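Q: Please choose one part of this molecule for a close look, and then show how the rest is arranged, moving outwards step by step. I am in my first year, so explain each term when it first comes up.

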Amino acid sequence: MTETTYLGAITATLAGALRADDRVLVLGEDVVEGGPWGATAGLAEEFGEDRIRNTPISEAAICGIAIGAAQSGMRPIVEIMFVDFVTLALDQLVNQAAKAHFMSGGQLRVPMVVRTQGGAGQRGGAQHSQSLEAWLTHVPGLKVVMPSTPADAADLLAAAIADDNPVVFVENKTLYFRREEVDVHRESGAIGRARIVRPGRDVTVVALSRLVHDAVAAAGSLADQGVEIEVIDPRTLVPLDVDTILESVSRTHRLVVAHEAVEHGGFGAEIVARVQAAAFDELDAPIGRVGAPFAPIPFSPPLEDAYLPGPDEVRAAVLAAIAA
Amino acid sequence: MTDALGGATGLELLRTMWRIRIFEERVGELARANEVHGLIHLSIGQEGVAAGVCSQLRDDDAVYGNHRAHGHAIAKGAPLPAVMAELMGRVDGLCRGLGGSMHLVDAGHGFLGATGVVGGNVPLALGSALAGRMLGGDQVAVVFFGDGAVQGGIFVESVNIATLWELPVILVCENNGFAEFTPRSAHTNVERVSDVVAPYGIERETVDGNDVVAVRDAFAHVLSSARAGAGPALLECLTVRLRGHYEGDPQRYREALAAEEWQQLDPILRLQRCGVEAGWLDENTVVALEQGARDEVDEAVRLARESPFPSPPSTDLVYAT
């Protein structure tokens with residue numbers, strides 16, 4: 001076992017990939033200096049500023065350059081500093097990267113990773129705190145990964161870099177400094193495999209990113225009330241390991257989906273639809289949803305704290321599912 | 001017409017322009033007959049740019065085209081039957097019928113793709129240029145775009161980074177004076193695209209894009225600079241879009257070009273007059289060149305018609321495996 005932070009796992013994985021393959025390069029704003037949290041800190045010293053490449057504040061061009069470089073033999077990793085800024089690069093991601101392999105009849109490959117981070121809770125206001133992963137999951141050709149732990153961040157980032165498709169890797173800023181013991185001999189996570197974080201018999205809770213930890217926190221107090229929840233982290237949204245979720249629901253017969261993103265149109269809706277279509281007869285209660293209200297993220301601390309879903313909302317949704 | 005060029009080069013340029021011209025005239029007919037499908041943008045009148053540029057590139061030099069890219073693909077080496085089959089949506093199309101007119105790709109010849117989103121292709125060329133340099137080669141990348149792309153933010157982002165990183169990329173603007181239905185003067189106060197990029201210190205030149213020899217000479221200069229590592233360039237080719245923005249465009253927004261005026265501007269006729277004057281071309285060769293292109297296009301249409309439509313489903317190639 002070794003102790004690492006989520007951020008440290010990312011930095012170490014980037015370094016490992018850069019060391020193993022000369023075709024890997026990192027592009028982004030302030031990546032030489034390490035970026036706002038230090039995810040790329042120290043990489044320029046080891047790999048040089050040709051491979052750890054600072055860019056202007058030009059998200060669309062950065063993504064386009066990565067696509068062209070990927071099509072011509074490199075394996076670029078782009079850092080989009082906040083997922084909120086993915087909006088500026090959506091033509092490149094949606095119209096170019098996601099479709100190049102398909103539209104070329106398989107001639108082109110775009111092995112690139114877009115590392116970005118979302119999440120509220122740091123008083124960043126409505127343009128630096130969003131969870132926009134659902135938009136990206138709607139685009140065939142993109143893979144979308146959303147790790148919640150240091151071990152998964154390491155394993156899935158390595159898998160994303162090795163993947164021959166464009167992968168959007170969505171980190172969460174509030175998880176960066178979580179320190180965890182990581183089993184160095186663990187079985188590596190693969191893109192498209194969910195993880196049962198905590199087994200339980202009564203209600204399945206499928207949670208994304210930060211909400212995985214909130215669901216685990218809720219599990220303790222629910223257990224005190226005699227309710228055992230099973231917490232599942234899909235880890236990758238596209239492709240989605242729906243089988244693991246269905247298998248769990250076939251035992252618990254109750255489901256709650258939880259994410260920090262706005263509930264309306266969130267990725268939880270896709271999980272709900274898939275489960276009800278495949279396992280309607282297994283369900284003993286309406287599927288519960290936990291997500292943010294349909295409003296921009298407020299700035300003022302008490303407003304932001306009230307806005308964000310957390311353990312209390314998960315607990316309430318679980319109890320509602322039990323009561324139904 | 002600029003100074004003399006060798007007969008072999010002149011004949012090759014003529015041959016390429018005739019192939020594009022006849023191919024696209026046929027595409028227009030087939031579009032009206034509903035054999036070619038979708039949104040079709042023809043480059044008739046602009047063939048000198050694609051021919052003058054691509055004739056000097058290698059297969060490992062990446063080229064990106066825009067929505068009006070049949071000529072770019074053909075000039076870069078894409079076989080006519082596969083291009084035609086793609087426009088007809090057939091299984092033997094360049095992209096197996098998954099791409100269509102605005103998304104032609106022929107990776108084997110370095111044509112890494114047309115794009116239907118105006119300006120969206122520009123940074124991709126920077127990326128290919130960066131890859132070539134990082135992988136230790138002397139490849140260059142070329143991107144074709146129209147004057148309508150220049151008013152988009154992605155263009156400025158790309159020019160800035162291309163110059164900042166001294167990338168071996170050549171930005172070729174086909175300035176035909178119209179962005180879709182609208183004359184350039186109604187979209188910007190900057191008449192010349194080469195003036196738009198002036199502050200970046202990029203090598204830039206504006207040439208008569210319907211003078212294929214002028215295009216070729218100007219491109220030769222920036223190509224050797226870029227290949228030698230001297231950084232990017234912008235070549236603005238002033239040209240004429242003889243057809244509408246798309247096939248079927250009624251073009252109520254402009255007067256048709258008079259036949260005599262077009263005779264003077266047509267890049268093919270101009271090079272032919274030049275060749276006859278210089279003595280490397282005679283009337284028989286002119287007829288043979290045009291007929292050769294017609295025969296080749298006839299054969300391409302025949303082969304494309306023989307190719308079946310692909311069978312559903314179409315979900316196999318969403319992800320690379």
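A: Two strands are said to pair if DSSP finds at least two bridges between them, and the strands themselves (E, at least two residues) and the helices (H or I, at least four residues) are DSSP runs, numbered from the N terminus. The model is predicted, so local features need pLDDT of at least 70 and side-chain atom pairs count only at pLDDT 80 or more, whereas totals for chains, interfaces and linings use all residues. Residues are numbered from 1 along each chain as its sequence is written, and chains are lettered from A and ligands numbered from 1 in the order in which they are written.

The part chosen for the close look is strand β10 of chain A, which covers residues 203–207. Is this strand buried or exposed? A residue counts as buried if 20 or more other C-beta atoms, placed from the backbone, lie within 10 Å of its own, as exposed if 12 or fewer do, and as partly exposed in between. By that count 5 of the 5 residues of β10(A) are buried, so the strand is largely enclosed by the rest of the structure. In a regular strand the side chains alternate between the two faces of the sheet. Here Val203(A), Val205(A) and Ala207(A) point one way from β10(A), while Thr204(A) and Val206(A) point the other way, and all of them are buried.

The partner to follow from here is strand β11 of chain A (residues 229–233), which pairs with β10(A) in the parallel sense over 4 bridges. One residue shows how the two strands are matched, since the bridge partner of Thr204(A) in β11(A) is Glu230(A).

Moving outwards, we come to the chain that holds this strand. Chain A has 12 helices and 14 strands, and its C-alpha atoms fill a box of roughly 60 × 45 × 40 Å, taken along the principal axes. Of its 324 residues, 56% count as buried. Two residues are in contact if their C-beta atoms lie within 7 Å, and in chain A residues 24 or more positions apart account for 80% of the contacts with a separation of 6 or more.

An open sheet in chain A is made of 7 strands in the order β3-β2-β4-β5-β7-β6-β12, and its pairing is mixed. Its edge strands, each pairing on one side only, are β3 (52–54) and β12 (236–238) of chain A. At one of these edges, β12(A) runs antiparallel to strand β6 (residues 143–145) of chain A and is joined to it by 2 bridges, with Thr236(A) of β12(A) as the bridge partner of Val145(A).

Two helices of the chain can be described through their axes, which are lines fitted to C-alpha atoms, for helices over the stretch in contact, with angles running from 0 to 180 degrees between N-to-C directions. Helix α3 (residues 59–71) and helix α4 (residues 90–97) of chain A pack at an angle of about 30°, with their axes 8 Å apart. The contact is made by Ala60(A), Cys63(A), Gly64(A) and Ile67(A) from α3(A), and by Asp91(A), Gln92(A), Leu93(A), Gln96(A) and Ala97(A) from α4(A). These residues divide into 5 nonpolar, 3 polar and 1 charged, where Ala, Val, Leu, Ile, Met, Phe, Trp, Tyr, Cys and Pro count as nonpolar, Asp, Glu, Lys and Arg as charged, and the others, Gly among them, as polar.

The helix α3(A) also leads to the second chain. In all, 35 residues of chain A are in contact with 35 residues of chain B, and on the side of chain A, helices α3, α4 and α5 (100–103) each supply at least two residues. The largest share of that side, 9 residues, comes from α3(A), and by class the side has 14 nonpolar, 17 polar and 4 charged residues.

Chain B has 11 helices and 8 strands, and 55% of its 321 residues are buried. An open sheet of 6 strands in chain B has the order β2-β1-β3-β4-β8-β7, with parallel pairing, and its edge strands are β2 (111–114) and β7 (203–208). Within this sheet, β3(B) (residues 141–146) and β4(B) (residues 169–175) pair over 6 bridges, and Gly146(B) stands opposite Glu174(B) in β4(B).
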